[in-house]
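Hi everyone, thanks for making room for me today. I'd like to walk you through one model, so let me put it on the screen and we can go through it together.

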Number of protein chains: 2
Amino acid sequence: MPQQKSEHIPRATIQRLAVYVQVLENLQREGTEVISSEPLAKACNVNASQIRKDLAYFGEFGVRGVGYYVKNLIASITSALGVDREWRTVLVGVGNLGKALLNHKEFRLRGFNIVGAFDCDPFKIGEEVSGLEVVCTKRLREMIGDNGAEIGIITTPPERAQRAANHLVEAGINGILNFAPSRITVPDHVNVEYVDFFHHLYALSFNITHPNTK
Amino acid sequence: MPQQKSEHIPRATIQRLAVYVQVLENLQREGTEVISSEPLAKACNVNASQIRKDLAYFGEFGVRGVGYYVKNLIASITSALGVDREWRTVLVGVGNLGKALLNHKEFRLRGFNIVGAFDCDPFKIGEEVSGLEVVCTKRLREMIGDNGAEIGIITTPPERAQRAANHLVEAGINGILNFAPSRITVPDHVNVEYVDFFHHLYALSFNITHPNTK
DNA sequence: CCAAATTTGTGAAATAATTCTCATAAGTTA
DNA sequence: TAACTTATGAGAATTATTTCACAAATTTGG
């Protein structure tokens, strides 16, 4: 139902939509059923017309004179983002972080099922982590043929991230979440998102060091 | 030495500077000593003049006809970001994620020392994690008076994040890294950065679902 | 049932960020 | 040392994003 009307949607809009969902879910947990763009904006730390414009890319979800029904709006946004379904994912790099993610229940809860764990270390292959047997990274293609995963999660050391990405791309994945602290190069049709909280610490460091530039 | 010349610096520039450092460090590890903006841009997936403009906010670091000396440029950028020093941090919320971060060696390596661990759960108080004794969150102010931390890391459940933030602000912290999946409200002088990799998974989901809008 | 009060959705205006272009400086070679 | 090559730095042009302002839609109260 929420079909986007217009051509190009700013990346920043997508990031904010994720924030809106987060805040709306917390509001819902606290019992709020209806909210207008003004207080929602305050909670999200953005401008109210920003919210309305962001939503307008996908349709009309509000009621004039009333606001937005929280439950409805969550459904509309998650549908717009495509997260109202199950996404099958595989993880490459079963180190400390990889294991922590494999054991993280939230993934399944949010619809991102980890259905495969891969590593190139012979000592790790065969090990069982969170109900999954660790498989050699070279077998990615064959395994994905079976389990139909679409998203790959990279948790290798930086120097092995590009190789992991190559294997994932070859196996037909079209989205990569890269936790390794290095940039990877992939074909145009593959989407990459980087997670590195040191980047955020750097931003804090800068902002604290230069309070005037805020 | 790298003193920023101009008034306002885009947030996006700061984020990119962190990426440049990451890529430059990997280049350095591989033995590259000099690089020009063009190949650096390719490795960072940005435009070359973007890099030159970003750097220009802070000074002139390149040599015309040559490029940038990798080691030098890393030093210049880290200095501009203020990460060429030690930052003392405290962590609030000693759950799974909190413990994982406390045990993460990279923090110290990158100059972000975790010097205090706090939790409001009586069962956790007194426990030792990675050489730190877990202290009651109410004692944040007194402890920060002693250890002089400037950055707080929140790893509580979402419903306790705001309270943790309040305690941190009261204790005089001026930067917060929030891993809890909820937005927090703080005074203007306090900087907040949010880390939530589900937001990135949402972005992947959207981009895979709407390949045309890329 | 109408008038007042809300609050959305949207085009226009204002701001901000990115990319282009080129003069200038540094290095290299003969 | 002069001509040639390379690549930076900075202003101009372009493109993108955010904010404003208001008409249209809806509810509420008398």
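Let's begin with residues 19–58 of chain A, where the span is 70% helix and 5% strand. The C-alpha atoms at its two ends lie 16 Å apart. UniProt, in an unreviewed entry, gives this stretch the feature name "DNA-binding region". Please keep in mind as we go that this is a predicted model.

Within that stretch, have a look at Asp54(A), which sits in helix 3 of chain A, residues 48–56. Is Asp54(A) buried or exposed? Asp54(A) has a relative accessible area of 0%, and the cut-off for buried is under 20%, so Asp54(A) counts as buried. What does its side chain pair with? The partner is the side chain of Arg16(A), through a polar contact of 2.7 Å. If we set aside neighbours within four places in sequence, Asp54(A) is in contact with Thr13(A), Arg16(A) and Tyr20(A).

Arg16(A) now takes us to the DNA. There are 26 residues around DNA strand D, and Arg16(A) is among those that come nearest, along with Arg64(A), Ser37(B), Arg52(B) and Gly65(B). By class, this surface has seven nonpolar, 10 polar and nine charged residues.

Which element gives the most to that surface? That would be helix 3 of chain A, with four residues. Helix 1 of chain A, residues 11–29, and helix 3 of chain B, residues 48–56, each supply at least two.

On the DNA side, 71% of the strand D atoms within 4 Å of the protein belong to sugar or phosphate, and the rest belong to bases. Chain B offers some examples of phosphate pairings. The side chain of Tyr68(B) has an N or O atom 3.0 Å from a phosphate oxygen of strand D. For the side chain of Glu60(B), the corresponding distance to a phosphate oxygen is 3.1 Å. Gly62(B) uses a backbone N or O atom instead, 3.2 Å from a phosphate oxygen of the strand.

Let's step back to chain A as a whole. Chain A is divided into domain 1, residues 11–81, and domain 2, residues 87–198. The C-alpha centres of these two domains lie 32 Å apart. UniProt also lists "domain: CoA-binding", again from an unreviewed entry, at residues 82–183 of chain A. That stretch is 31% helix and 28% strand, with its end C-alpha atoms 26 Å apart.

Altogether, chain A comes to nine helices and nine strands. Its C-alpha atoms fill a box of roughly 60 × 45 × 35 Å along the principal axes. Of the 214 residues in chain A, 51% are buried. Among contacts between residues at least 6 apart in sequence, 57% join residues at least 24 apart.

Last, a little backbone geometry for those of you who like torsions. Most residues other than glycine have a negative phi. Asn45(B) has a positive value, near 65 degrees. Where is Asn45(B)? Asn45(B) is in the loop between helix 2, residues 37–44, and helix 3 of chain B, and Asn45(B) is exposed, with a relative accessible area of 59%.

Ser130(B) also has a positive phi, near 50 degrees. Ser130(B) lies in the loop between strand 5, residues 128–129, and strand 6, residues 132–136, of chain B. With a relative accessible area of 44%, Ser130(B) is partly exposed.

That's my tour, and thanks for listening!

Technical notes: Residues numbered from 1 in each chain as written. Chains lettered and ligands numbered in written order. Predicted model: local features only at pLDDT ≥ 70, side-chain atom pairs only at ≥ 80, totals over all residues. Heavy atoms only, no water. UniProt positions renumbered as here; feature names shortened; annotations may be inferred. Buried < 20%, exposed > 50% of the residue type's maximum accessible area, 1.4 Å probe, protein only. Polar contact = N/O pair within 3.5 Å; in protein donor to acceptor, adjacent residues only side chain to side chain. Contact = heavy atoms within 4.5 Å. Near = heavy atom within 4 Å. Nonpolar A, V, L, I, M, F, W, Y, C, P; charged D, E, K, R; others polar. Domains from an automatic or database assignment.
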